Amino acid sequence: MLASLVNLASLHQPNTINSEVKPLAVSLNDSPTPQLLLLPRVGVKTALKIMTYRKGHRIRKADDLLNVHGIGPATIEGLVPLLEECAQ
């Protein structure tokens, strides 16, 4: 009876859905607030501070975020793997 509910043959077949997962890549200069909120240790206030900072400054490297109040080296270290390359 259980075999009639579940096609047992399908359990042994590889997943045919293309489920290629792309890593998160956030642009510090262009990403909207919701995408910034996906970053670790970035809440609403910090995301808004980043957006305010980037209105007057082009972020060229992750360390530029040290100029944003509340962001320190530990936060930047956690962000670097998730960031798109900044424009040079």
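The largest nonpolar core of this predicted model has 16 residues, and Leu36, Leu39, Leu65, Ile71, Leu79 and Leu83 are the ones that touch the most other members. A nonpolar core here is a set of buried Ala, Val, Leu, Ile, Met, Phe, Trp, Tyr and Cys residues joined through side-chain atoms within 4.5 Å, where buried means under 20% relative accessible area, exposed over 50%, and partly exposed in between (1.4 Å probe, protein chains only). Helices α4 and α5 each bring at least two residues to this core, and α4 gives the most, with three. Helices are DSSP runs (H or I, at least four residues), numbered from the N terminus.

Two of these core leucines are worth a look. Leu83 sits in the segment after α5 (73–79) and, at 14% relative accessibility, counts as buried. Leaving aside residues up to four places away in sequence, Leu83 touches Val26, Leu28, Leu39 and Ala62, a contact being heavy atoms within 4.5 Å. From Leu83 to Leu36 the C-alpha to C-alpha distance is 10.0 Å, with their positions 47 residues apart in sequence. Leu79, with the same cut of four places in sequence, touches Leu39, Pro40, Val42 and Leu65.

Out on the surface, Leu37, Val44 and Leu48 make a nonpolar patch of about 250 Å². Patches take residues with over 30% relative accessible area and no salt bridge, joining nonpolar side chains (Val, Leu, Ile, Met, Phe, Trp, Tyr) within 5 Å and like charges within 9 Å; the areas come from the Shrake-Rupley method with a 1.4 Å probe, and for residues only the protein chains shown count as cover. Val44 belongs to helix α4 (residues 44–56) and is exposed at 51% relative accessibility.

Arg41 turns up in the loop between α3 (33–36) and α4. This arginine has a positive phi of about 65° although it is not a glycine, and at 61% relative accessibility Arg41 is exposed.

As for charge pairing, the structure holds one salt bridge, meaning a side-chain nitrogen of Lys or Arg within 4 Å of a carboxyl oxygen of Asp or Glu. The partners are Lys61 and Asp64, with their closest N and O atoms 3.1 Å apart. Lys61 is partly exposed, at 48% relative accessible area, whereas Asp64 is buried, at 11%.

Residues are numbered from 1 along each chain as its sequence is written, and side-chain values use heavy atoms, with hydrogens and water left out. Local features need pLDDT of at least 70 and side-chain atom pairs count only at pLDDT 80 or more, while totals for chains, interfaces and linings use all residues.
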